[in-house]
Each structure stands twice: as C-alpha cells, then as structure tokens.
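Trainee: Could you take me through one part of this model slowly? I would like to see how the backbone and the burial of residues are read there.

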Amino acid sequence: MSNVSMEATAILPVLKKKLAFLSGGKDRRSGLILTIPLSSDQTSMEELSATLDYLLSIPSEKCKARGFTVIVDGRKSQWNIVKTVVLMLQNVIPAEVSLVCVVKPDEFWDKKVTHFCFWKEKDRLGFEVILVSANKLTRYIEPCQLTDDFGGSLDYDHSDWLNKRLVFEKFTKESTSLLDELSIINESDKSSSVDKEKSADCALLPSFDPETVLQTGHELLSELQQRRFNGSEGGGGGQGGPAWCPMEEELLAQPQVMKLLDSLREQYTKYQELCRQRNKRTQLDEIHAKVMQVVTWLQGPGSELLKTQQEIGDSMRAAQALQQKHEEIESQHSEWFAVYVELNQQIAALLSASEEEEVVELKALQQQLSDVCYRQAAQLEGRQNVLQAAHGFHGTTQELSQQLDGLLGMLCADVAPADGASIQQNLKLLEEKLQTVEAGLSSLRQKGAMLMEQVCTQPTWALEETESPAGEQQDNVQHVQAVMEEMQLRKQRCEDMVDVRRLKMLQMVQLFKCEEDALQAVEWLGELMDALLKTHVRLGEDSQENRTLLDKHRKFVDVAQSTYDYGRQLLQATVVLCQSLRCTTRSSGDTLPRLNRVWKQFSVSAEERQQRLELALNFHTAAERVLQQECVDPESLDEVDSSGKILLDRLTMPVIFPDGSEQYFGTPSDTAAAAESVRERLLLVEERRLQLQEARLHDEDEEEELLNGQESRLDVIGEELSEKEEQDEEEEEEVEQDEDLERAKQDC
C-alpha cells in the first residue's frame, strides 16, 4: 500500500460533502469504481479536485494500474458542469481512467450535441466517455457493484467510511509515533546504568497511552476483518458471480494494521518490563517515605490538634461548635487515614513479590503505621463519644431548664378558674408538668454520669506538655456536677411552690364544692317546701291516722331542718375558705339569703301543716269520745262541733309567708277531699246529739219540739253545708282562674 500524501483531517469539511467517493465496487476489469455525484447546487471544482486527489492516494499502485471506471451522476446537474468535470478528469487522473460513464437525466440534454462533443474530444481526453441512463448502467457494471442510487445492491455509508478512515489514519499516526518513542526508551535503558537515583529522575513516558492505541488498533482490525471498513458488510458475487470482498487488498489496510500491532505489542512488552523493574526499585523508597510522612503528621500536628480540644462546653450551642471543630479535625485525619489504607494495600501487594530482606522491612513499616493509626483513631473516637455525651447532656439541661421555666411561669400566674372542673384540670396539668420535670432531672443525672465517665476514661497524654490534661478533666467533671446541682435546686424550689399551689387549688376545689353543695341544699329545701305545699294536704279520717301523719310531718320537718343546717355549715365553710384564699365570698352572699328565705317559707308552711294536723287530731279525738260514750254532755258536743268548724275554716285559709305572699296547700279539690272527712264526722256527731235528745225527752211534745228543733237545726246545717260547698266551688273556680292568669303571664 502506498503512503498517504495527505490526511483526511486536513480536508474533513470537504470530504463530508461527498463530492466523490470510492464505494468499493469494481468494474468487469476489476478496476475500482469512482463515483462523482453532482448536485443541483454549484459544485466547487477546487474542492472536487482536492477530494479526488485524496481518494486516488488511497489505493496501491497495483490497484491503480487496473484503471478506474468513473461514474459522473449528472441527473441533478447541468450539462456544462458535467462537461467541466469530465474535462477536469483529464488533468487529475488521465492515466488511471479507463471509462467515464455520465449518467444523464431522461429526455433532458440534447443527445446529438452531447454525443458529438464527447466523440470529438475522445482522442484528446485519453479515455472513453459514454452517456447512459441510470437504468442502463448495468450494461457496463454489474448490479452488485453499484450502489442503490443506480439501482444496485452494494451498500455504502459515506459517514461511516469517513469515520473509519479517520480512525485508521489516527491509529497509523499514533502507533508509528509510539513505536519510535518506545524504541528510544527501551534502548536508552539498556545503554544506561541502573541506579536508584537515575531511575527515580528518569521518568520516560510515551506521548500516547499504549493500551489505548492497542485497543484502537484491535478494534480497527476487527472492523477490517469483518469487511465493514467503508461502511460495507461485504457480499458474495452478484448474480452467480464468485465471492467478492470489497477493497480487501486495495483499500483495506489489514496488513499494515497487523504489522503495526505486532511491533507495538513487542515494544510495549519490553516497556512494561522496564517499568516493572523501575517501579520495584522505587516503590519501597516511596512507601517508606509515605509511611514516615503519615506517622510524623499523626504523632505531631494530629496529636497537637487533639490535645487542644479538651473542653465539653457550657451549653448546647458550645457543644455543637466543639463538635463542628472536631469534625474538621476528623476530616483532616481522614485524609491521612485514607493514605494509610492505600499504603497498607500497597505493602500487602509487595509482600508477596519481595525478597526476604524487603519483607522484613515492609512488615516493620506496616506494624509501625498500624499502631500509630489505630491509637490516633481510638483517641478520635473517644473524643467524639465525649462530645456526643456533652451534647446530649447540654440538650437535656436546656430542655429541663425550659420545663422548669414553664412550670415556674404557671406557678407565678394567678389562679382564677371558673369552676371546680377547671381547677381539677389545672391541678392535673400542674402534676403532669412536675412529673415531666422529675423525668427530665432523672435523664439529666443519667447523662451527666455517662458524660463524667467518658471524661474520666479519656486517654492521658504525655507528661512532657506544660499543661496537664488532668486539670481540664477535673474542671469538666465539676462543671457537670454544678449543673446537676443547680437543676436539683431549681426543681426543689418548684416543688415547694407546687405544694403551696396544690394546697391552694385544693382549697379552691373545696370552696367550689361547698358553694355547689350549698346551692344544692337550697334546691333540696325548695323541693321539700314544694312537696309540703302540693302533696301534704290530706287529713286523717280518725285520730290514729292523724297521729301517724303528725309523726311523719315531724320527721319531714327534721329532714328539712338537717338540710337547712347543712347548707348553713357549707356557707360558713365557704366564708372560712375565702378568707384563707384571700378572695371575696363568691356566691355565699346570694346563697345565704336564699337559704334563709326558703327556710322561713318552709317553717311557716310546716307550722301551718302541723297546726292543721293537731286541730284534726283534737277534733277526731273529741268526736270519737262523744260518739263512744253513752252519756255525753251537750257542751262536749258543742265543743266538737265548734272545733270541726274551726278546722274547716282553717283548711280554706292560705299560708301567708313573711314577705306577704300567700299560697294554698294543694289544689281546691285536694282541700275539698280533706274537708269531706271532717264534715262526715260532724254529721255523726250531730246524729249523736239527736239520739241523746230523744232519750232525754219523755213526752211527745217535748220530743216533737225537740225533733222539730233538731230538724230545723239539721236543715240549717244542711243549708250551711250547701252554702259551704257552693262557696268552696266558687273559691276553686277563682283559684283555677288565678292559676290560668299566672300561667298566661309566665308564657308572656
């Protein structure tokens, strides 16, 4: 293969235009086919000439000797441009051109003129020019050697061809330069004496990476062997022809690539061996220097950084600042620890391939490096644990301080709840806050003990320093103890205030309870009075029943008396509690008059009820006595009659309260029912009076007179009873009307 006179990169923009190309197809004489696709745009003859020069520099002289078949595609161009291109071929490749096929458009050019002109120039041109349509181009070239633009089956991708061409030229240039550099490096090593100083200073590195160049060459060779250079997969002989490999010898550079690869592998192997020897000579010194560098820093500046960081801070913010500073120190150490890991791996790799003396030296370096790094890492971890414990301790201290402030604020605020339930809720909240404070103090003690333990177990530093770390540790421990004692004192003061507030709140709960119970006593007493006036109306039908009712009434009054006394005691207790709490009487000023008013009304009503029962008892006792005796004094009968009328009159009277208001017992019907038994007993007494009068009268006149008188008395009594009933009915109607009016007023 001939040497390329120019590179594709020099005219890359021109080559991308695809002004001409070698598709890899061959004519029937095995000559290469050169295609010039003319476009409708104006074609630059200079660029076309440069493209042809580059393309013709690729094939070998042997391949050029077979001649070229040039296909000028003028279907999209004008005749004068086609003519100019054909004439230009005479100057560019006159000897190599065998045949020029001008593909014409259908029925466009003047056949006579064009045909005549080419025949006229045939001798001067030195090659044959024919005009042919695209569909008749197969008369001169096999279809399998034509691209699809001319109805053929040959695949061609110009962009792929150009990319592969660039790769080939790049590989050729880099591999050639690399071979020269490797040869110089390898030869210079043989002629020079091997010593550590010179090998360390002599860093001969090639301009290109051999691995990359070799990889590029192998990939290129693989492409060439698979017949994909120039974008073609290759193909068998078209239409029964023999198998054909496009540009196998002419355009594909397999031999040159393989030769370059073989030479490059040989020189690169020598270079690798040289590098391994040099690395082996220098690696031990480099590792030793790096190990001493790491050890020196960790024992020097690294240790100094840790020695200056012994405080634990006095607040969470200070602890965070110390943690941030420690993280910076850890970051600095991490860089050296990374170097340690790398050195450890390098030493482990060298141990398996080193001599016995080198193994002893490497192990000593490895042990020294590990001891220093592990000791420094342990110190960093211990300091980190102390700072974490300090951060937790200060955080708990701050949280506990806030809790104590909240509890103190709650204790200093005035307590003015509306009822006992709100007091109970406040008391519960107070107890919960106190429990939270106790839990926080317990957590603070635990974290403080942990922090002091961490501080006391920190590693002691060397005594050559002027300031001993024991003083710092003692100060830190004393600070932690002082903080815990201060929190304990604050908590104790709050507990004392909580005890006082708890007592006050319990007294307030008791105050509200007494007030509520006093109001309840007033309500109960009012209910007892309502029951007395509405349901305690009935009178007994005899003396025994009246005695029973009287006993029940006294018990009923005793219950009311107990209720009243209970209310008075509660109100007295509220006065005492208010004085103790230094607050004005809340509701006792209103409750006490109510209690007294209801009690007075009840007392008047109960007294009236008792008097009625006593009158009824006396009436029935006297009536029963006169009814049971055989000889009765008329005066006794008159007394019974008089007491019965008094009782009936008393039943119709209302109860008059101290404030001047009045109220009746029960309803008029209840009063009428109670008076009915009295009237019935009066009738019996009157009958007894008649019986006695009949017995005393011996003559008929007296008897008749007495009878007439008795009858008249009976008539009078009957009339009185009738009038009484009518009067009761009228009073009942009036009471009902009054009740209706009262309800109407209440509705309004």
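Mentor: What follows is a walk along the early part of the chain, with a short look at the cysteines at the end. Keep in mind that the model is predicted.

Start with the loop between α1 (12–16) and β1 (21–26), where Lys-18 is found. The phi of Lys-18 is near 60°, a positive value in a residue that is not glycine. Most residues other than glycine have a negative phi. Lys-18 counts as partly exposed because its relative accessibility is 28%, and partly exposed covers what lies between under 20% and over 50%.

Go on to the loop between β1 and β2 (32–37), which holds Ser-30. Ser-30 also is a residue other than glycine with a positive phi, here near 70°. With a relative accessibility of 35%, Ser-30 counts as partly exposed.

Next comes helix α2, residues 45–56. Its 12 residues, at 1.5 Å a residue, should span 16 Å, and the end C-alpha atoms are 16 Å apart, so the two values agree. The expected span uses one less than the number of residues. Several residues of α2 are buried, including Leu-48, Thr-51, Leu-52 and Tyr-54. Leu-55 and Leu-56, also in α2, are buried as well.

Last, the cysteines. Cys-101 has a relative accessible area of 0%, so Cys-101 is buried. Cys-373 is buried too, at 3%. The structure holds zero disulfides. A disulfide is a covalent bond between the sulfur atoms of two cysteines.

Note on methods
Residues are numbered from 1 along each chain as its sequence is written. This is a predicted model: local features need pLDDT of at least 70, side-chain atom pairs count only at pLDDT 80 or more; totals for chains, interfaces and linings use all residues. Side-chain values use heavy atoms; hydrogens and water are left out. Helices (H or I, at least four residues) and strands (E, at least two) are DSSP runs, numbered from the N terminus. Buried means under 20% relative accessible area, exposed over 50%, partly exposed in between (1.4 Å probe, protein chains only). A disulfide is a pair of cysteine sulfur atoms within 2.5 Å.
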